[in-house]
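Good morning. Please look at the two chains on the screen while I go through how they meet.

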Number of protein chains: 4
Amino acid sequence: MAPRPIAIIAGVGPGTGASVARRFAKAYPVILLARGTDKFEKLAQEINDAGGKAVGISADVSSAESLTSAFKQIEKEFPGASAAAAVFNAAGGFVRKPFLEVTEDEFRGGWEVSQKGAFLFSQQALPLLLAHAKDPSATHPPTLIFTGATAGVKANARMATFASSNFAKRAIAISLAKEFGPEGVHVAWANIDGPIDIPGRDDYRKHLPAEQKIDPDDIAEAYWGLHAQSRRAFTNEIDIRTSVEKW
Amino acid sequence: MAPRPIAIIAGVGPGTGASVARRFAKAYPVILLARGTDKFEKLAQEINDAGGKAVGISADVSSAESLTSAFKQIEKEFPGASAAAAVFNAAGGFVRKPFLEVTEDEFRGGWEVSQKGAFLFSQQALPLLLAHAKDPSATHPPTLIFTGATAGVKANARMATFASSNFAKRAIAISLAKEFGPEGVHVAWANIDGPIDIPGRDDYRKHLPAEQKIDPDDIAEAYWGLHAQSRRAFTNEIDIRTSVEKW
Amino acid sequence: MAPRPIAIIAGVGPGTGASVARRFAKAYPVILLARGTDKFEKLAQEINDAGGKAVGISADVSSAESLTSAFKQIEKEFPGASAAAAVFNAAGGFVRKPFLEVTEDEFRGGWEVSQKGAFLFSQQALPLLLAHAKDPSATHPPTLIFTGATAGVKANARMATFASSNFAKRAIAISLAKEFGPEGVHVAWANIDGPIDIPGRDDYRKHLPAEQKIDPDDIAEAYWGLHAQSRRAFTNEIDIRTSVEKW
Amino acid sequence: MAPRPIAIIAGVGPGTGASVARRFAKAYPVILLARGTDKFEKLAQEINDAGGKAVGISADVSSAESLTSAFKQIEKEFPGASAAAAVFNAAGGFVRKPFLEVTEDEFRGGWEVSQKGAFLFSQQALPLLLAHAKDPSATHPPTLIFTGATAGVKANARMATFASSNFAKRAIAISLAKEFGPEGVHVAWANIDGPIDIPGRDDYRKHLPAEQKIDPDDIAEAYWGLHAQSRRAFTNEIDIRTSVEKW
């Protein structure tokens, strides 16, 4: 019998990442990847206390070495396990300022995380997803989901850094969907269009009415819905926004 | 107490319409609209036999008079009921031939059903959906879903008739999503990208392997997933295709 | 020797239509189509006085009969002439109001002109354009241009009528571009994104600064640029907006 | 009196770059940027022999240091000159192979040239373009054009590297168009959709019939057409393909 399949979440923070981890932990052991252990320690504890199984691993998605090491640890913790789901929830390069004031380092920030990160993470996760596609005991087709933003389809003024890396991330998702769909891996890109209601965030969003902020638990539910789709009805792109969002 | 809310499916045939009706009948009485009674009689029987509630009504979506009469009948059968869901599943004008050979009547066929039908049906259904948005006992936000096709985003050669009416249908869906979202109605457009596995269909699709054909039950499940979304996480556009579809 | 080729402009008013007519009249006799003779009489006079050749013909683009009669008159005036260019500049159904207040007649207005008009005009013009594609003495490939609006790519709230008919018009343009490109006819859709500086218009646009309004002569120049493209470098979609437009 | 404005072409090879250089040299002194001097020496000679003015400068667009040095040399050769046009014609990362076989270096190749290159070049060129926007003797608004490919709007299987960097390049172009349009700089992205007829190229494209290959001189003409547009009618995106291209 195949070992129990796992779900891997890259970019776990207090918002979407945590909600997705909790949702997928109802069905699978979850691996929580983030740079700092503070990002996942409490969450792992919470999931384990609730009867789920969560393992947090420090990893920098923009580093091949770091990711390789993280996936080795995954293999050590869950030997032979395939991946039922992998979610790339990391993003970098959010810079909103006059283009001529953007530094090369700032611009590179978008590339490092949103693009190179998406590339490196996909290369590590896809073999485990492909293995799951061949597992006759799999409940659902393996799913690789990329969390995107409106900046992946709309490039606004003063947003060249974030928009370019998000456009690129979306291109990666679509290309992988076409390449790996026939092999049974469901790849999807999600346009999270609007502010997310992240607990503890202390910026302008804190004071927005709840109805103007996307509930990360609802994002997680949508991701689970994608995961539960059959091979005969894959959704490869979805948008998610509140009912009052302008777009 | 508010009367039990209903779901209205326009364009019920053996494929998507029937599957959607069966799925929504698990939660709501369903109204089945189609031009010919042969389209819904057996299905209504089947749903009623299975413990659900289904009422078939003959209606031509391209006729304001016919639709008005159908909605009067709905009010008579379910007095004061709001609509939890309305699905516009009708399409017309599938014509694939040299543009110079398309007749005005053929071209008009796309308009009559896909566009004017979408317009007229939405005008009838929206008041019932808006009523549902104000019903504090509603389980989910009211949902208006338009079944679309790839021709709604891609206009191929020799397909001007079908493509133009599908582009138009999508525009209606998006415009309504923006207008009625803030009032609590969830409007979505679904790009059904590929052949559907319709029982009894006797054309080239009959002999395609099942994995190349979208399962209408899976479309229905995706529609239900849209319906179950909260106001803080609406999806307004989805694509649905098999894992092996080229796109 | 082939008779001198002509250019046909449908939807001639004081703005884009007049500018396009003047521009193409530098190279070809121009046919001016509009419903009312007041739309083209002065313009035809002006062009003829300036040494060009212009013929105005009353025609309703939404009527097959009217268009057939107009094209018969064209054949009578310019026997055997092919069409170097045909521009569909008509639009209908500009309605901005709550969806539930739109009447069926208003909604139909968009269809009649923007869609059925585009269909009927294309069917009449294409044979003349195809004839030009076979004329070895042709200076440029024959060109069929559709004037569109942002509503052809973006469906805003309260704009379902205009958006749906513009989406549809764009679909027609793209489908024809794909079907007739290989036969040598250059089909293009132009997204005119913003208010046009139309002489004599007395509404809110009158008082906008000139820099916020698109110059119709510049649109005409862009259309001529499309016409002058070689078969080895067709542009099938362009957007045109002022430098200060938000989009 | 202001010094004579210049045009700067980055990524000069035997195809589009050379054609664009020749076309803009009819109006402006042209700067030819390429990594190897062999890319521009003959071309500069040819333009200078024909009575134009061309200066070739070795530069690596992916290196801030190299580009800074190149623009210093430009200032030295043409002190105080503003830029009437800047064309970013460089692209990297054309890799078509199974995703799991793409190396990090290959993937990075797309980023380095198409994205970081576009970023660095734009930061150097924009101040010269902005200066031109303020020059009352300017003939046309300053123009910044990015040469793109279909991969900028369509992400195919096995093309994640090229598609992601082209999507990103397009995002940069659109964001800059919105930011700098109001300041009078015309930014445009060109989707060159199909094989280009590049002299001397010895691959599968060599044997394609000419009609299936885009003529780079026609691309250059289209770029000039963009440059010649007035501030009241900017085109920010164009597609260019042969009449027989499928899309």
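A rotation of 180 degrees, with 0.0 Å of shift along its axis, superposes chain D on chain A at an RMSD of 0.0 Å; the fit is by least squares on the C-alpha atoms of residues with pLDDT of at least 70 in both copies. The two copies are therefore related as by a two-fold rotation axis. Both use the same surface, since 100% of the contact residues of chain D recur in chain A.

This is a predicted model: local features need pLDDT of at least 70, side-chain atom pairs count only at pLDDT 80 or more, and totals for chains, interfaces and linings use all residues. Residues are numbered from 1 along each chain as its sequence is written, chains are lettered from A in the order in which they are written, and side-chain values use heavy atoms, without hydrogens and water.

Now the contacts. On chain D, 39 residues touch 39 residues of chain A, where contact means heavy atoms within 4.5 Å. About 3300 Å² is buried between chain D and chain A, 69% of it from carbon and sulfur atoms; buried area is the accessible area (1.4 Å probe) that two parts lose on being put together, summed over both. On the chain D side, Phe99(D), Trp111(D) and Phe119(D) lose the most area to chain A, together 20% of what that side buries.

How many salt bridges cross this interface? The rule finds 2, counting a side-chain nitrogen of Lys or Arg within 4 Å of a carboxyl oxygen of Asp or Glu. Glu104(A) forms one with Lys116(D), with the closest N and O atoms 3.7 Å apart.
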